[in-house]
Amino acid sequence: MRIHRASANDVGLFSSIAADVFDAEITVAGITAYLNAPGHLMVLAFDGDVIVGQCMGVRHFHPDKPSDLYIDEVGTATSHLRQGVARAMLAEMFAWGREFGCSVVWLATEYDNAPAIGLYRGLDGKEDTVRYYEFTL
């Protein structure tokens with residue numbers, strides 16, 4: 001397995017993606033926009049030339065405190081679950097956040113996502129209780 005920090009020059013790497021890595025089919029326009037957006041970060045896991053994992057984050061800037069890094073998405077191919085893929089991608093994303101001077105990394109998951117909860121607790125994540133609100137625009 002190889003871990004790679006994706007950049008705007010890496011659109012061509014998305015030609016072979018294992019099932020279940022992303023929630024839906026990605027488009028060239030979508031991945032190009034994401035990789036070109038300031039503050040948007042993506043770490044990929046490869047098995048050979050096939051993407052078997054992705055971790056997306058957004059660096060938030062604040063006028064009153066240090067930057068933080070929000071992990072927006074972690075996806076691993078079903079064929080590569082429980083093999084350290086997500087852990088390796090998160091470690092790389094955490095390192096990237098440190099390089100940017102981020103004070104914290106944060107993320108959310110569903111109450112019933114036992115594998116993710118186990119992973120985050122295993123990384124010494126501090127669990128908090130929040131209410132989530134979503135607005136349709």
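What follows is a friendly chat about a predicted model and some of its residues.

Reader: Hi! What should I know before I start?

Author: This is a predicted model, where local features need pLDDT of at least 70 and side-chain atom pairs count only at pLDDT 80 or more, while totals for chains, interfaces and linings use all residues. Residues are numbered from 1 along each chain as its sequence is written, and side-chain values use heavy atoms, with hydrogens and water left out.

Reader: Great. Could we start with helix α2: what should its 15 residues span at 1.5 Å a residue?

Author: Helix α2 covers residues 85-99, and the expected span is 21 Å. Its end C-alpha atoms are 21 Å apart, which agrees. The expected span of a helix is 1.5 Å times one less than its number of residues. As for the names, helices (H or I, at least four residues) and strands (E, at least two) are DSSP runs, numbered from the N terminus.

Reader: Which residues of α2 are buried?

Author: They are V85, A86, M89, L90, M93, W96 and G97. Buried means under 20% relative accessible area, exposed means over 50%, and partly exposed is in between (1.4 Å probe, protein chains only). Seen down the axis of α2, the buried residues fall within an arc of 120 degrees, so they line one face of the helix. That arc is taken from the directions from the helix axis to the C-beta atoms.

Reader: And what covers those buried residues of α2?

Author: The cover includes β1 (2-5), β2 (40-47), β3, β4 and α3 (114-122). On the other side of α2, R98 and E99 are exposed.

Reader: What about G101, just after α2: what phi does G101 take?

Author: G101 has a positive phi of about 80 degrees. G101 is also among the residues in contact with S67 (contact means heavy atoms within 4.5 Å).

Reader: Oh, S67! Where does S67 lie?

Author: S67 is in the loop between β3 (50-60) and β4 (68-76). With a relative accessible area of 10%, S67 is buried. Leaving aside neighbours within four places in sequence, the contacts of S67 are R59, H60, F61, H62, G101, C102, S103 and V104.

Reader: New topic: how many salt bridges does a search of the whole structure find?

Author: There are three. A salt bridge here is a side-chain nitrogen of Lys or Arg within 4 Å of a carboxyl oxygen of Asp or Glu.

Reader: Which residue forms a salt bridge with R5 at 2.6 Å?

Author: That is E92, with 2.6 Å between the closest N and O atoms. This pair links distant parts of the chain, as R5 is in strand β1 and E92 is in helix α2, 87 residues apart.

Reader: And what does E99 form with R5?

Author: E99 forms a salt bridge with R5, and their closest N and O atoms are 2.9 Å apart. This pair also links distant parts of the chain, being 94 residues apart. R5, E92 and E99 are thus named together as a network of salt bridges.

Reader: Are those three buried or exposed?

Author: R5 counts as partly exposed at 24% relative accessibility. E92 is partly exposed too, with a relative accessible area of 26%, and E99 is exposed at 56%.

Reader: Which side chain meets E127 in a salt bridge?

Author: R121 does, at 2.8 Å from N to O. E127 is exposed, with 59% relative accessibility.

Reader: What about D10: how far away is the nearest side chain of opposite charge?

Author: That side chain is R2, 7.8 Å away, and D10 is buried yet has no salt bridge. For charge, Lys and Arg count as positive and Asp and Glu as negative; His and the chain ends are not counted. D10 lies in the loop between β1 and α1, and D10 touches H4 and R5, not counting residues up to four places away in sequence.

Reader: Last one: how many residues has the largest nonpolar core?

Author: The largest nonpolar core has 31 residues, and those with the most contacts inside it are F14, L35, M42, L44, C55 and M93. Such a core is a set of buried Ala, Val, Leu, Ile, Met, Phe, Trp, Tyr and Cys residues joined through side-chain atoms within 4.5 Å. The elements giving two or more residues to this core are α1 (28-36), β2, β3, β4, α2 and α3.
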